[in-house]
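Hi,

Here is the structure I promised to pass on. Have a look at it first, and my notes on what turned up follow below.

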Amino acid sequence: MLPALALEQSNSRSNGTVAVVPIPQEHVDVVVRPKHKAKAKPKTRRVTRHRNTPHAKKPRSTPALRVGFSWPVTKNEITSPFGWRPFVITPGETGPHPVREFHHGMDIACSLNQPVVAAKGGRVILAGVNPDYGNVVVVQHAGGWSTLYGHLNKRIARTGWRVASGALIGLCGSTGRANGVHLHFEVRNVGRFYNPIYFLP
């Protein structure tokens, strides 16, 4: 009723009378609601911004950074970033090959048998061998997030294990489709792939 009171007071000043005609609630709503909506729905909160996170140019432009991941290996050189790249031909592969492929994670340089740790605490939902990823471990986190660690030389974690952030889950290697020793690291959320660099400190 405060907006109605304000309107009534201004009306009494202009007419010079104290008699006030009550304003129906419907009319007050018509006057007040547009201002309220403009404050409650700022332009910066857009759903399309979250969906386009993998292609965002600025690392600090997404609220998903608050997920709280850490580097799975000692912070080192990124040898292949997230996104489109020329098709990688590994030893033993025969053609024909596509010109390019989409890289769903990023490759981080590491030495053979360098420890690989969980980027965040969670439950190991997969620890096995894959033709592309080689020895691979997948950890599921809260909120539908999961991280994948590929090309491991050895898997330490087992399916079903609960691991804390920084817990040892494997050792760096070059198993699967890999031309050298590195760690393939992916960040996923409910079937979508995201650029891991935007989630790391």
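Strands β7 and β8 make a hairpin with four residues between them, and in that turn Gly143 has a positive phi of about 80 degrees. Bear in mind throughout that this is a predicted model. The two strands of the hairpin pair in the antiparallel sense over five bridges. To find your way along the ladder, start from Val138, whose bridge partner in β8 is Leu148.

On its other side, β7 is joined by seven bridges to β6 (residues 122-130), again antiparallel. β6 and β7 form a hairpin too, this one with three residues between the strands. Asn130 in that pair stands opposite Gly134 of β7. As for burial, six of the seven residues of β7 (residues 134-140) are buried, so the strand is largely enclosed by the rest of the structure.

Next, a residue worth clicking on: Thr147, which sits in β8. Is Thr147 buried or exposed? Its relative accessible area is 0%, so Thr147 counts as buried. Its side chain has a polar contact of 2.8 Å with the side chain of His141, and another of 2.8 Å with the side chain of Tyr149. Setting aside residues up to four places away in sequence, Thr147 touches Val137, Val138, Val139 and His141, along with Phe69, Phe185, Glu186 and Val187.

Some of those names come back in the largest nonpolar core. In general, nonpolar side chains in soluble globular proteins tend to be buried together. Here the largest core has 28 residues, and the members that touch the most others are Phe69, Val116, Tyr149, Ile169, Leu183, Phe185 and Phe199. The elements giving two or more residues to this core are β4 (106-109), β6, β7, β8, β10 (168-172) and β11 (182-189).

β4 deserves a look of its own. Which residues cover its two faces? Met106 and Ile108 are on one side, Asp107 and Ala109 are on the other, and all of them are buried. β4 pairs with β1 in the antiparallel sense over two bridges, with Ile78 standing opposite Ile108. β4 also pairs with β11, antiparallel as well, over four bridges. In that second pairing, Ala109 stands opposite His182 of β11.

If you are after somewhere to put a probe, go to the largest pocket, which holds about 370 Å³ of space. It is lined by 20 residues, and the closest to its centre are Arg85, Glu101, His103, His151 and Arg177. The elements that give two or more residues to the lining are β1 (78-80), β3 (100-103) and β11.

Arg85, one of those closest to the pocket centre, lies in β2 (residues 83-86). With a relative accessibility of 18%, Arg85 counts as buried, because the cut-off is under 20%. Leaving out neighbours within four places in sequence, Arg85 is in contact with Ser80, Arg100, Glu101, His103 and Asp107. Glu101 and His103 in that list are also among the residues closest to the pocket centre, while Asp107 is one of the buried residues of β4.

Phe102 belongs to β3. Its relative accessibility is 24%, so Phe102 counts as partly exposed. Outside the four places on either side in sequence, Phe102 is in contact with Phe82, Gly83 and Trp84. Phe102 and Trp84 are 18 residues apart in sequence, but their C-alpha atoms are 4.3 Å apart in space.

Finally, the overall numbers. The protein chain has three helices and 12 strands. It has 201 residues, of which 37% count as buried. Among contacts between residues at least 6 apart in sequence, 64% join residues at least 24 apart.

Over to you now. I would start with Thr147 and its 2.8 Å contact to His141, then move on to the residues closest to the pocket centre, including Arg85 and Glu101.

Cheers

Conventions:
Residues numbered from 1 in each chain as written. Predicted model: local features only at pLDDT ≥ 70, side-chain atom pairs only at ≥ 80, totals over all residues. Heavy atoms only, no water. Buried < 20%, exposed > 50% of the residue type's maximum accessible area, 1.4 Å probe, protein only. Pairing = 2+ DSSP bridges. Core = buried A, V, L, I, M, F, W, Y, C linked by side-chain atoms within 4.5 Å. Polar contact = N/O pair within 3.5 Å; in protein donor to acceptor, adjacent residues only side chain to side chain. Contact = heavy atoms within 4.5 Å. 1 Å grid on protein atoms, 1.4 Å probe; cavity = no way out; pocket = protein on both sides within 12 Å on 5 of 7 lines; lining within 4 Å. Points joined across faces, edges and corners; volume = space filled by probe spheres on them.
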